[in-house]
Amino acid sequence: MTKAQDLSTYSKMETSLDFTSMYRWNVDALEGWLRQDEPPQAPPIEAPLIKEAPPAIQTIQQLGTASIPSPGESNIYCLNIIGQIEGHIVLPPQNKTTKYEHIIPQLVAAEQNPKIEGILIMLNTVGGDVEAGLAIAEMISSLTKPTVTLVLGGGHSIGVPIATSGQASFIAETATMTIHPIRLTGLVIGVPQTFEYLDKMQERVVRFVVAHSNISDQTFKELMFKTGELTRDIGTTIIGPEAVKHGLIDEIGGLGQALKRLNELIEMRRLPLGEQAASLPTLSNETKQPIPPTPR
Amino acid sequence: MTLYTVIPEEEIFKSASQEQTEQAYEFHEMAWEGRLLLVERLNDDYIRVERILQPCGIQDFLNPFLQPGTVLQLNKT
């Protein structure tokens, strides 16, 4: 190829290129070069992001068919209760919520499925709707399969009855639980009636907690109405070991201990009835108090 | 509805104007093969998994296709 030919092809090329795209390419190359020392930039939102993760892009039908638990799979069902517990009213989108209509069918399915032998409930909740919270707590406490609850991070307000609803309960050493009175959200119509109503709602929570843990009615109410601890409210924040000391939670522990206990409970349930009773004393904190009469 | 929570009410029920300053989350529930997923719609064909609301079993949480942040293509039939 002569130099003249070379030049002519080059000039042809140049004329065939439109300048806008060439300009853009140059700018991109320059920017890439300039950014060499900078940390990688976040990719733009649209298409490049999809390009970023090629193995993840699968046609949704290629992912296999629905799998119902089959032998070799876990015999434990894990239920996560996070954020706000959402009840009859949908909370604004900035709230991270756990909805009762999601939790309740899962509990029904776990109870009914013969392959599931135990249920682990992981809690990290700030509270929420009283009705929904109590409904979940009642569901968990009435399951016939072994249930273990584990409070990680926090199990506040209506999270407290849920934390106590399992056959065994654990709390992480650093986890906290806030016990405070039920406040009013909304309009006050008549003061005595409102008070009566809230008192009743509160009594439901207190009775459930007292019935499902080793805490006494008196201690729980003391914690609930304590002043000088919370800045915005009356009540108490208790941290891991304190919750165990008050009898609200059975033991301090994390995931390992909770799973170990759940497996023990599953093993115990597999034994014939006579032997089940014999193995009971090894599980120290299982003495649940009978439901007390309404203190009125 | 009686709320029993440690989060202040004004934080839960933020007004729309306050909300606009923050990132607007647009999550949808999507049923897929017996599972209920919370997903973010990227466009007509792609979704991003936010979390599993209702798994088929505990092993779903280990499924790489259902990990939070995974982009999935919807199959149009």
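Student: Leaving out residues up to four places away in sequence, what does Thr147(A) touch?

Tutor: This is a predicted model, by the way. Thr147(A) is found in strand S4, residues 147-155 of chain A. Not counting residues up to four places away in sequence, Thr147(A) touches Ile119(A), Ile121(A), Ile140(A), Gly166(A), Gln167(A), Ala168(A), Leu262(A) and Leu265(A).

Student: Is Thr147(A) buried or exposed?

Tutor: Its relative accessibility is 1%. Buried means under 20%, so Thr147(A) counts as buried.

Student: And Glu229(A), is that buried, exposed or partly exposed?

Tutor: Glu229(A) is in the loop between helix H8 (217-224) and strand S7 (236-239) of chain A. Leaving aside neighbours within four places in sequence, Glu229(A) is in contact with Gly235(A), Thr236(A) and Thr237(A). Its relative accessible area is 40%, and the band between 20% and 50% is the one in between, so Glu229(A) is partly exposed.

Student: Which helix gives the most to the largest nonpolar core?

Tutor: That core has 45 residues, and those with the most contacts inside it are Met177(A), Phe220(A) and Leu248(A). Elements supplying at least two residues each include strand S1 (76-86), helix H4 (100-112) and helix H7 (191-212) of chain A. The one that gives the most, with 7 residues, is H7(A).

Student: How many residues are in the second, separate core?

Tutor: Its members include Leu120(A), Ala168(A), Ala258(A) and Leu262(A). Two of these names, Ala168(A) and Leu262(A), also turned up among the residues that Thr147(A) touches. The size of this second core is 12 residues.

Definitions and conventions
Residues are numbered from 1 along each chain as its sequence is written. Chains are lettered from A and ligands numbered from 1 in the order in which they are written. This is a predicted model: local features need pLDDT of at least 70, side-chain atom pairs count only at pLDDT 80 or more; totals for chains, interfaces and linings use all residues. Side-chain values use heavy atoms; hydrogens and water are left out. Helices (H or I, at least four residues) and strands (E, at least two) are DSSP runs, numbered from the N terminus. Buried means under 20% relative accessible area, exposed over 50%, partly exposed in between (1.4 Å probe, protein chains only). Contact means heavy atoms within 4.5 Å. A nonpolar core is a set of buried Ala, Val, Leu, Ile, Met, Phe, Trp, Tyr and Cys residues joined through side-chain atoms within 4.5 Å.
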